[in-house]
Amino acid sequence: MVYTYGVTHGSVLKLSDDILFQAECYHYLFDAAIKIHHLGLDWSTPDHGHIQNVKGFSSINSMIKRVATKAGTVESDFKLQPYPRCVVLDIEGTTTPISFVTDVLFPYARDNVGRHLSATYDSAETQDDIKLLRSQVEDDLKQGVLGAVPIPLEDPGKEKVIASLVANVEAMIKADRKITALKQLQGHIWRTGFENNELEGVVFDDVPEALEKWHALGIKVYIYSSGSRLAQRLIFGNTNYGDLRKYLSGFFDTAVGYKRETRSYVEITESLGVDKPSDILFVTDVYQEATAAKAAGLEVVLSIRPGNSPLPENHGFKTINSFLEI
């Protein structure tokens, strides 16, 4: 789906040069000021840089208030909230229905893990996957994790090794474990599914329009998911709305930390190089993730989507039903 907007970057810049200083209609001037503000531009500077301090006014909001009040179009206390510099999005329950993950992706990985391991067993990539799984299973056995079974050495033959790997992976998927060893292997299995047109990513209807809008405004958008970065790229590169990766600036997975840990969001903040954590808006459907991000200083909103788990009462966060509300 292709979305178009009535005002392009070039036309807004032309408004800033030709109209703001010549307009006789305050209503038109007000509308132009809002459009320029949405682009984060300062109409008073020759190079149309980012808004800092508008001549004669303390901010662009002040300019809009004075124009609008004189024109009688809005109340004098009207304010525009600035857009965030960066938006970080969760996937499951935020950009994508939970049912797509639980009813499509997880079963596909579970049903194809044996076939994938058999077909790619001798490849360096799969051997690395097996190495990670061995290490994880060893830790699970020490901790008495339910469903963990020993993985034999190569001596008995790869069939027995694969059988034990399948048993462990199935148990991990059933428990919905957010561990790198599982997520890395799942990403490689899903890649085959997408390449063979057996899988197609799904996003909510408002997601493409919001991504395009934020991209046009110069807002950088990132994904943070427990799924591997490969899996994230596959989902957004092959959606029911086409390839959406052109609107995304990067991907974070559990390599940066677990999503319910505050330190993970500190790492993301440092990676993005923003002036302050509150320059980042994090959108998730999970209360514990929201709490961890807020503790790191990020702005947070909770996503309410069909099929999501209910939120705690009095959770204290702003909620949205659509990205178009942001």
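## A pocket between two domains, and two odd phi angles

At 31% relative accessibility, Asp-176 counts as partly exposed, since that class sits between buried (under 20% relative accessible area) and exposed (over 50%), using a 1.4 Å probe and protein chains only. This is a predicted model, where local features need pLDDT of at least 70, side-chain atom pairs count only at pLDDT 80 or more, and totals for chains, interfaces and linings use all residues. Residues are numbered from 1 along each chain as its sequence is written, and side-chain values use heavy atoms, leaving out hydrogens and water.

Most residues other than glycine have a negative phi. Here are two that don't follow that habit:

| Residue | Phi | Loop | Relative accessible area |
|---|---|---|---|
| Asp-176 | about 50 degrees | between α6 (158-174) and α7 | 31% |
| Asn-197 | about 60 degrees | between α7 and α8 (206-216) | 71% |

The helices are DSSP runs (H or I, at least four residues), numbered from the N terminus.

Now for the second largest pocket, which holds about 640 Å³ of space. A pocket here is an open set of points on a 1 Å grid over the protein atoms alone, where a 1.4 Å probe fits, with protein on both sides within 12 Å along at least five of seven lines; lining residues have an atom within 4 Å of a point. The volume is the space filled by probe spheres set on the points, which are joined across faces, edges and corners. Of its 30 lining residues, Glu-92, Asp-176, Lys-178, Val-286 and Glu-289 are the closest to the centre. α4 (98-120) gives the largest share, four residues. Domain 1 (86-96 + 201-325) and domain 2 (99-196) both contribute to the lining, so the pocket lies between them; the bounds come from an automatic or database domain assignment.

Definitions and conventions. Helices (H or I, at least four residues) and strands (E, at least two) are DSSP runs, numbered from the N terminus.
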